[in-house]
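I opened the file to go through its sheets, cores and charged pairs. My notes follow in the order I looked things up.

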Amino acid sequence: MRLATANLLLLLAPALAAPAWAEPPARCRVRSIHALDADGGVDKKIAKLRPLLGKPPFDRFKSFKLIKEDAVDAEIGRESAVEVPSGKKLVVTFLERVKGDKKPLLRVKLDYGGVATTYRVGEGDPIPLVVGAHAGGTLVLAVDCASKKK
């Protein structure tokens, strides 16, 4: 019986392996940002997010400090979890690549605290999430994904 099972696995192994034409994973960055009402400006490490942070609902804050940055390689259809400073997990699921007018688009599902939302964004464009109170301020997550080169 063991020999038959082993032979069956050997026969099925090529079919179970990812095909050479499979989509490459996306590299997703999760930046945890501490937003405060006190003066302090935007941390140099997240300066590229300044235009986004200057719009509602973020424009009410006067200070943004990067707490931590994580990166995950998200394969299509597989969940990747990142623990954020609140102690909760953000689950990132890369759903598909879509051809856009100007640049490729990615469909990404983000699940934080059991609330899941699907986004369709350009490669590298940040998805901002205000996730709640944190250490006298507010915890903001900025998630961006781009195709990972093979």
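**Entry 1: the open sheet**

I began with an open sheet of four strands, which has the order β4-β5-β6-β7 and antiparallel pairing. I looked for its edges: these are β4 (79-83) and β7 (115-122), each with a single partner strand, so one side of each lacks a neighbour in the sheet. From one strand to the next, the twist averages 25°. I keep in mind that this is a predicted model.

Next I took the β4 edge. β4 runs antiparallel to strand β5 (residues 89-98), and five bridges join the two. For a register point I noted that A81 stands opposite V91 in β5.

**Entry 2: the overall layout**

I then stepped back to the whole chain. Its secondary structure comes to two helices and nine strands. Read from the N terminus on, the elements run α-β-β-α-β-β-β-β-β-β-β. The protein chain has 150 residues, of which 34% are buried. I also looked up the contact range: among contacts between residues at least 6 apart in sequence, 49% join residues at least 24 apart.

**Entry 3: strand β1 and its partners**

Which strands pair with β1, and over how many bridges? I found 11 bridges joining β1 to β3, and these two strands run antiparallel. β1 also pairs with β9 in the antiparallel sense, over 10 bridges.

For the register, I noted that L36 stands opposite S63 in β3. On the β9 side, H34 has L139 as its bridge partner. I checked the burial of β1 as well: the strand is mostly covered, with eight of its 11 residues buried.

**Entry 4: nonpolar cores**

I looked up the largest nonpolar core, which has 21 residues. L90 and L110 are the residues with the most contacts inside this core. The elements giving two or more residues to it are β1, β3, β5, β6 (105-112), β8 (127-134) and β9.

I listed the neighbours of L90, leaving out residues up to four places away in sequence. L90 touches V30, S80, A81, V82, V84, L110, D111, Y112, L129, L141 and V143. A81 thus appears twice in my notes, as a contact of L90 and as the residue opposite V91.

There is also a second, separate core of 12 residues. Among its members are V42, L53, F61 and L66.

**Entry 5: the aromatic pair**

I searched for aromatic pairs and the count comes to one. How far apart are the ring centres of F61 and F64, and at what angle do the planes stand? The centres are 6.1 Å apart and the planes are at 80°, so I logged the pair as edge-to-face. An angle over 60 degrees is what edge-to-face requires. Both F61 and F64 are buried, and F61 is one of the residues of the second core.

**Entry 6: salt bridges**

I counted salt bridges last; the structure holds nine. Side chains of opposite charge can pair when their charged atoms come close.

The pair I looked at to start with was D144 and R31, which form a salt bridge with the closest N and O atoms 2.6 Å apart. This pair links distant parts of the chain, with D144 in strand β9 (residues 137-147), R31 in strand β1 (residues 26-36) and their positions 113 residues apart. Are D144 and R31 buried or exposed? Both D144 and R31 are buried.

I then turned to D73 and K148, whose closest N and O atoms are 2.9 Å apart in their salt bridge. D73 lies in strand β3 (residues 63-74) and K148 in the segment after β9, so the pair ties together parts that are 75 residues apart in sequence. D73 is partly exposed at a relative accessible area of 33%, and K148 is partly exposed at 31%.

The third pair I noted is E75 with R78, a salt bridge whose closest N and O atoms are 3.6 Å apart. E75 has a relative accessible area of 41% and is partly exposed, whereas R78 counts as exposed at 54% relative accessibility. Finally, I traced shared partners: R27, D73 and K148 are joined into one network by salt bridges.

Definitions and conventions
Residues numbered from 1 in each chain as written. Predicted model: local features only at pLDDT ≥ 70, side-chain atom pairs only at ≥ 80, totals over all residues. Heavy atoms only, no water. Salt bridge = Lys/Arg side-chain N within 4 Å of Asp/Glu carboxyl O. Buried < 20%, exposed > 50% of the residue type's maximum accessible area, 1.4 Å probe, protein only. Pairing = 2+ DSSP bridges. Axes fitted to C-alpha atoms, helices over the stretch in contact; angles between N-to-C directions. Core = buried A, V, L, I, M, F, W, Y, C linked by side-chain atoms within 4.5 Å. Contact = heavy atoms within 4.5 Å. Phe/Tyr/Trp six-rings, centres within 6.5 Å; stacked < 30°, edge-to-face > 60°.
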